[in-house]
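Dear colleague,

Please find the structure below, handed over for your own inspection. My notes on it come after the model.

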Amino acid sequence: MRSEACKVPTFLVTGSNGQVGFELRRSLAPLGRVVALDRADCDLLRTSDLRRIVRAVRPDVLVNPAAYTAVDKAESDIDVAYAVNGTAVGVLAEEAKSLGCLLVHYSTDYVFDGRKESAYVESDPVNPESAYGKSKLAGEDAIAAVGGTALVIRTSWVAGAHGSNFAKTMLRLAQEREHLRVVADQFGAPTTAALIADVTAQIVARHWLFADRDAFASGLYHLVASGETNWHEYATAVLAYAAAKGVVLRSDPAHIEPIPASAYPLPAPRPANSRLDTSKLRETFGIHLPDWHQGVQYLVDQILS
Ligand SMILES: NC(=O)c1ccc[n+]([C@@H]2O[C@H](COP(=O)([O-])OP(=O)(O)OC[C@H]3O[C@@H](n4cnc5c(N)ncnc54)[C@H](OP(=O)(O)O)[C@@H]3O)[C@@H](O)[C@H]2O)c1
């Protein structure tokens, strides 16, 4: 008979076809058995099925990167955004608590209004201005209300080779158009889905699977790449690196027009300041967060490969 110490851990990952979900399939694989379910296999809107699936899989770690992420559509689809980002998260928290497993969940800079002058820390007051931000805050609140063991990771400006994101859009537009205009007065840190997944795996391995579980530092953490930039500078970095790698662009990366956010109105307001202070995550879990430029190079290399 195998001892408990030799038992292969099981991970249940929702939203496995999303940017972060896709990378979690890779980063968690060396740690144990990964049951990765996409929306067709595990729809967060069907909460009774959700409970049944979690109880059947009985994971050691329940990882939830699935979310309603259509930020602008959420403004007119509020009920569904809340159901996925709020209600279903509460259901997952309840199931994780009753199984005694760790819940890993992801949240967003959109819980803040972006008016702070410096980077946000976890204890800063929240004040989401978009329906998406409010629905994601409902998810954070639901986890706190249930009170099990949970790692809630707020991140920002996520991009992965698998999925849709700003970097891919810029690469496409720069090949189609001669002139690009990009917002230059919103600040944050581009963060690759791979970094988020790798840090998740590191924390889970070092502080949950092979550690004293009673000592796990449950709570809310900010996770973004180091450094900061704006969308215009980010676009320039993506396109300059792609051009250096031989991609033929119609737009010159050095001549992207910087514009204010007010010149590019969208249905959902974006925080002007999306900078997240990561001290708590680095100090609690001993994690090194590389500079965002490194992520840009990794991402573009992945997209071009
Ligand atoms: N993307 C960003 O810039 C960003 C920034 C800050 C925080 N976050 C947070 O980071 C996490 C991961 O984001 P991401 O960029 O990986 O998002 P993503 O690429 O949009 O992936 C989200 C996944 O959730 C799935 N999903 C949507 N509704 C669902 C439902 N009812 N049931 C089951 N699955 C459903 C989607 O399925 P389909 O593939 O079928 O659509 C998609 O695969 C989310 O919590 C998000 O809020 C993201």
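The notes below cover one helix pair and then the salt bridges.

Please bear in mind throughout that this is a predicted model.

**Helix 3 and helix 4**

Helix 3 spans residues 78–99 and helix 4 spans residues 131–146; their axes come within 8 Å and cross at roughly 15 degrees. Because angles under 35 degrees count as roughly parallel, helix 3 is roughly parallel to helix 4. The crossing of the two helices is right-handed.

On the helix 3 side, the contact is made by Ile78, Ala81, Tyr82, Asn85, Gly86, Val89, Gly90, Ala93, Glu94 and Lys97. Helix 4 meets them with Ala131, Tyr132, Lys134, Ser135, Lys136, Ala138, Gly139, Ala142, Ile143 and Val146. By character, the residues of this contact divide into 11 nonpolar, five polar and four charged.

**Salt bridges**

Side chains of opposite charge can pair when their charged atoms come close. In this model the count comes to 18 salt bridges, and three pairs are described here in turn.

Within helix 1 (residues 19–28), Glu23 and Arg26 are three residues apart and so are separated by about one helical turn. Glu23 forms a salt bridge with Arg26, with 2.9 Å between the closest N and O atoms. Glu23 is buried, at a relative accessible area of 7%, whereas Arg26 is partly exposed at 38%.

A second salt bridge joins the side chains of Glu140 and Arg154, at 2.7 Å from N to O. Since Glu140 lies in helix 4 and Arg154 in strand 5 (residues 150–155), this pair ties together parts that are 14 residues apart in sequence. Which side of the burial cut-off do the partners fall on, buried or exposed? Buried means under 20% relative accessible area; Glu140, at 9%, therefore counts as buried, and Arg154, at 2%, counts as buried too.

In the third pair, Glu257 forms a salt bridge with Arg181, the closest N and O atoms lying 3.9 Å apart. Glu257 belongs to strand 12 (residues 257–259) and Arg181 to strand 7 (residues 181–183), so the pair ties together parts that are 76 residues apart in sequence. Both partners are partly exposed: Glu257 has a relative accessible area of 30%, and Arg181 has one of 46%.

Finally, salt bridges that share partners join Arg51, Arg55, Glu94 and Glu95 into one network. Glu94 is also one of the helix 3 residues that meet helix 4.

With kind regards

Notes:
Residues are numbered from 1 along each chain as its sequence is written. This is a predicted model: local features need pLDDT of at least 70, side-chain atom pairs count only at pLDDT 80 or more; totals for chains, interfaces and linings use all residues. Side-chain values use heavy atoms; hydrogens and water are left out. Axes are lines fitted to C-alpha atoms, for helices over the stretch in contact, and angles run from 0 to 180 degrees between N-to-C directions. Helices (H or I, at least four residues) and strands (E, at least two) are DSSP runs, numbered from the N terminus. Angles under 35 degrees count as roughly parallel, over 145 as roughly antiparallel, 65 to 115 as roughly perpendicular and the rest as oblique. A crossing is left-handed if the near helix is turned anticlockwise from the far one by less than a right angle, and right-handed if clockwise. Contact means heavy atoms within 4.5 Å. Ala, Val, Leu, Ile, Met, Phe, Trp, Tyr, Cys and Pro count as nonpolar, Asp, Glu, Lys and Arg as charged, and the others, Gly among them, as polar. A salt bridge is a side-chain nitrogen of Lys or Arg within 4 Å of a carboxyl oxygen of Asp or Glu. Buried means under 20% relative accessible area, exposed over 50%, partly exposed in between (1.4 Å probe, protein chains only).
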